[in-house]
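Here is a friendly walk through one protein model, written for someone who likes to know how each term is defined. Keep the 3D view open as you read.

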Amino acid sequence: MRSEQTSPTAPLEAQHCVPCMGGVPSMAADEAATLLVELGAGWSINPAGHLRCDYRFGDFASAMAFANRVGDIADAEGHHPDLHVAWGRCGVEIWTHKIQGLTRSDFILAAKADAAFSK
């Protein structure tokens with residue numbers, strides 16, 4: 001993940017993911033709920049405690065192209081979601097594997113996925 005810091009008051013998509021070294025608690029539910037409202041309407045926190053959004057497309061190629069855009073963003077940020085590609089849809093599931101919970105970086109990556117969908 002990138003090492004430079006961005007202001008926590010900047011929009012989520014303008015911020016950068018920071019590495020999680022483990023040994024820290026996952027984000028509190030109230031903080032996660034606050035950040036969730038900053039994301040697009042399709043995002044939710046599933047029963048496993050992961051961020052999840054299903055993006056819809058008119059065909060398989062568009063869904064795959066979006067998955068590739070998100071993959072490029074994830075590599076640049078050093079924070080990698082699970083991507084589920086099917087005809088006309090790409091599901092994005094994000095959590096911080098090291099702590100098996102959510103961190104601010106998960107919401108930042110989600111906002112960047114929303115921005116990639118808007119392009």
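Let us begin with what surrounds one helix. The cover over the buried residues of H3 includes H1, S2, H2 and S4. Buried here means under 20% relative accessible area, exposed means over 50%, and partly exposed lies in between, with a 1.4 Å probe and protein chains only. Helices (H or I, at least four residues) and strands (E, at least two) are DSSP runs, numbered from the N terminus.

A word on the ground rules: this is a predicted model, in which local features need pLDDT of at least 70 and side-chain atom pairs count only at pLDDT 80 or more, while totals for chains, interfaces and linings use all residues. Residues are numbered from 1 along each chain as its sequence is written, and side-chain values use heavy atoms, with hydrogens and water left out.

**Helix H3**

In H3, 12 of the 15 residues are buried, so the helix is largely enclosed by the rest of the structure. Among them are Phe 107, Ile 108 and Leu 109, along with Asp 106 and Asp 114. From its first C-alpha to its last, H3 reaches 22 Å, close to the 21 Å expected at 1.5 Å a residue. The expected span of a helix is 1.5 Å times one less than its number of residues.

Which residues does Lys 112 contact, leaving aside its neighbours within four places in sequence? Lys 112, a residue of helix H3, is in contact (heavy atoms within 4.5 Å) with Glu 13, Gln 15, His 16, Ile 73 and Glu 77. At 11% relative accessibility, Lys 112 counts as buried.

Gln 15 belongs to the segment before helix H1 (29-36), and with a relative accessible area of 2% it is buried too. Although their positions lie 97 residues apart along the chain, the C-alpha atoms of Gln 15 and Lys 112 are separated by 9.1 Å. A polar atom of the Gln 15 side chain also lies 2.6 Å from the backbone oxygen of Ala 10.

**Helix H2**

The 18 residues of helix H2 (residues 60-77) should span 26 Å at 1.5 Å a residue, and the end C-alpha atoms are indeed 26 Å apart. The buried residues of H2 are Ala 63, Phe 66, Ala 67, Val 70, Ala 74 and Glu 77. Seen down the axis of H2, these buried residues fall within an arc of 100 degrees, so they line one face of the helix; the arc is that of the directions from the helix axis to the C-beta atoms. On the other side of H2, Ala 61, Asp 72 and Asp 75 are exposed. Covering the buried residues of H2 are, among others, strand S2 (51-56), strand S3 (82-86), strand S4 (89-94) and helix H3 (104-118).

At the start of H2, a side-chain oxygen of Asp 59 comes within 3.3 Å of the backbone nitrogen of Ala 61. Just after H2, Gly 78 has a positive phi of about 70 degrees.

**The sheet**

Four strands form an open sheet in the order S1-S2-S4-S3, with antiparallel pairing. Strand S1 (44-45) and S3 stand at the edges, each with a single partner strand, so one side of each is left without a neighbour in the sheet. Two strands pair if DSSP finds at least two bridges between them. The table lists the pairs.

| Strand pair | Bridges | One bridge |
|---|---|---|
| S1 and S2 | two | Ile 45 with Leu 51 |
| S2 and S4 | six | Leu 51 with Ile 94 |
| S3 and S4 | five | Val 85 opposite Cys 90 |

In S2, Ser 44 also has a bridge partner, Arg 52. The hairpin of S1 and S2 has five residues between the strands, and Gly 49 takes a positive phi near 85 degrees there. S3 and S4 form a hairpin with two residues between them, where Gly 88 in the turn has a positive phi of about 75 degrees.

How do the helices sit on these strands? H2 packs on the sheet, touching S2, S3 and S4, and its direction makes about 165 degrees with that of S3. H3 lies across S2 and S4, running at about 5 degrees to S2. Axes are lines fitted to C-alpha atoms, for helices over the stretch in contact, and angles run from 0 to 180 degrees between N-to-C directions.

Key. A polar contact is a pair of N or O atoms within 3.5 Å; within protein, one must be able to donate a hydrogen and the other to accept it, and residues adjacent in sequence count only if both atoms are side-chain atoms.
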